[in-house]
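Colleague: I'd like a close look at one part of this protein, please. Could you pick one helix and walk me through what it touches?

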Amino acid sequence: MLVDTVTEKQIVRSSHIEGRYCCAEVAGPAYIEFTDKNSREWHYLLLVNRGEVTHDGDAADDVPLTKIGARSLLSISVNTKIDRLIYSKNFHGYLAGVRARMIPEIFRKENSFPAIIRTNVRTTLTCKDIDPKRFKTLNQDFAKMMAALDNTDHHLPEALHYSCIYSLMIDYADAVMESTDTKVTRFNRMNRSDNLLVHFMECAAQYIESETGVAFYANKLCVSESYLSQVIRKKTNYSIGEVLASFRYERLLKYVNNPELSLKQIAYKMNFPDQSALSKFFKRHNGLSPLAYRKK
């Protein structure tokens, strides 16, 4: 879980729940190379308390490496472009990992996170010079997550673990929104493709239960299908079909988590032709059938 992002020698202490979450306090130097990029299944958040981390994930072609120092946070998705991570001798920080298939579940409350956060979590993102109060909160989030994963006496362990990672993701989103405020959240300062991406995400969140075709969204946004597809691919590194499927799965997961709704009702609500089609779609994204997921 952690050994493709840090070395065993760096781990001061660590905790994990097999196949779901992991967290570690990390210190010391290392040189990491990602070897099997196609098999990445974890999303990582790396908090830098002291020292520096150098990576090659989001640098320009003429600047092959990006260096981040203290009070920084690096988000490393399964779709990251990072090939190398280099930790300085005096490095100290925290690393949290979430199984990628858990991310839609964290986002199941569709109004909790703005579209720009849903987009950024699919890419590599660096937040530098985080406000000291926000940074202190993030440190506390990592510490609480580690303590929660170590807690074997709690009667509601899954709820405890989920609440800790959810709090960490919220405070991560807060740091992202703060650091990108003048670049992203003000529409008049966004370029055309960024603006289109945000509007597409908002439109998808509104209509995904009934509309899954590219033509519908292109028409809504007054652009051609090819241009919309091109922008989404460039900005997210995913096809527009994959992004729409991700939105649909997130919404479906929300309803499957509601025991008061039958699968037949959900299939009708989500515009699936029948319950069988719903189950096939859910299993393709989750690995479990809706019934098996509800029983776990």
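Modeller: Sure! Keep in mind that this is a predicted model. Let's take helix H9, which covers residues 240-256, and follow its surroundings.

Start with its partner H8, made of residues 225-236. Two packed helices are described by the angle between their axes and the distance between the axes. For H8 and H9, the axes come within 8 Å and cross at roughly 75 degrees. Angles from 65 to 115 degrees count as roughly perpendicular, so that's what we call H8 and H9. On the H9 side, the residues that meet H8 are Ile 240, Glu 242 and Val 243. Facing them from H8 are Leu 228, Ser 229, Ile 232, Arg 233 and Thr 236. Sort that contact by class and you get four nonpolar, two polar and two charged residues.

Now for the other partner, helix H11, residues 275-286. Here the axes are 10 Å apart, and the packing angle is about 105 degrees. H9 and H11 are therefore roughly perpendicular to each other as well. H9 brings Ala 245, Arg 248, Tyr 249, Leu 252, Leu 253 and Val 256 to this contact. H11 answers with Leu 278, Phe 281, Phe 282, His 285 and Asn 286. Count the classes and there are eight nonpolar residues, two polar and one charged.

There's one more thing to look at around H9: the second largest pocket, with a volume of about 590 Å³. It has 21 lining residues, and the closest to its centre are Val 78, Ala 100, Pro 104, Tyr 238 and Ser 246. Which elements give two or more residues to that lining? They are H9, H11 and the helix H1, residues 103-106. H9 provides the largest share, five residues. As for chemistry, the lining of this pocket splits into nine nonpolar, four polar and eight charged residues.

So put the picture together on your screen. Find H9, then look for H8 crossing it at roughly 75 degrees and H11 packing against it at about 105 degrees. Then find the second largest pocket, where H9 and H11 both help with the lining. If you want a landmark there, try Ser 246, one of the residues closest to the pocket's centre.

Conventions: Residues are numbered from 1 along each chain as its sequence is written. This is a predicted model: local features need pLDDT of at least 70, side-chain atom pairs count only at pLDDT 80 or more; totals for chains, interfaces and linings use all residues. Side-chain values use heavy atoms; hydrogens and water are left out. On a 1 Å grid over the protein atoms alone, a cavity is a set of points where a 1.4 Å probe fits but cannot get out, and a pocket is an open set with protein on both sides within 12 Å along at least five of seven lines; lining residues have an atom within 4 Å of a point. Grid points are joined across faces, edges and corners, and a volume is the space filled by probe spheres set on the points. Helices (H or I, at least four residues) and strands (E, at least two) are DSSP runs, numbered from the N terminus. Ala, Val, Leu, Ile, Met, Phe, Trp, Tyr, Cys and Pro count as nonpolar, Asp, Glu, Lys and Arg as charged, and the others, Gly among them, as polar. Axes are lines fitted to C-alpha atoms, for helices over the stretch in contact, and angles run from 0 to 180 degrees between N-to-C directions. Angles under 35 degrees count as roughly parallel, over 145 as roughly antiparallel, 65 to 115 as roughly perpendicular and the rest as oblique. Contact means heavy atoms within 4.5 Å.
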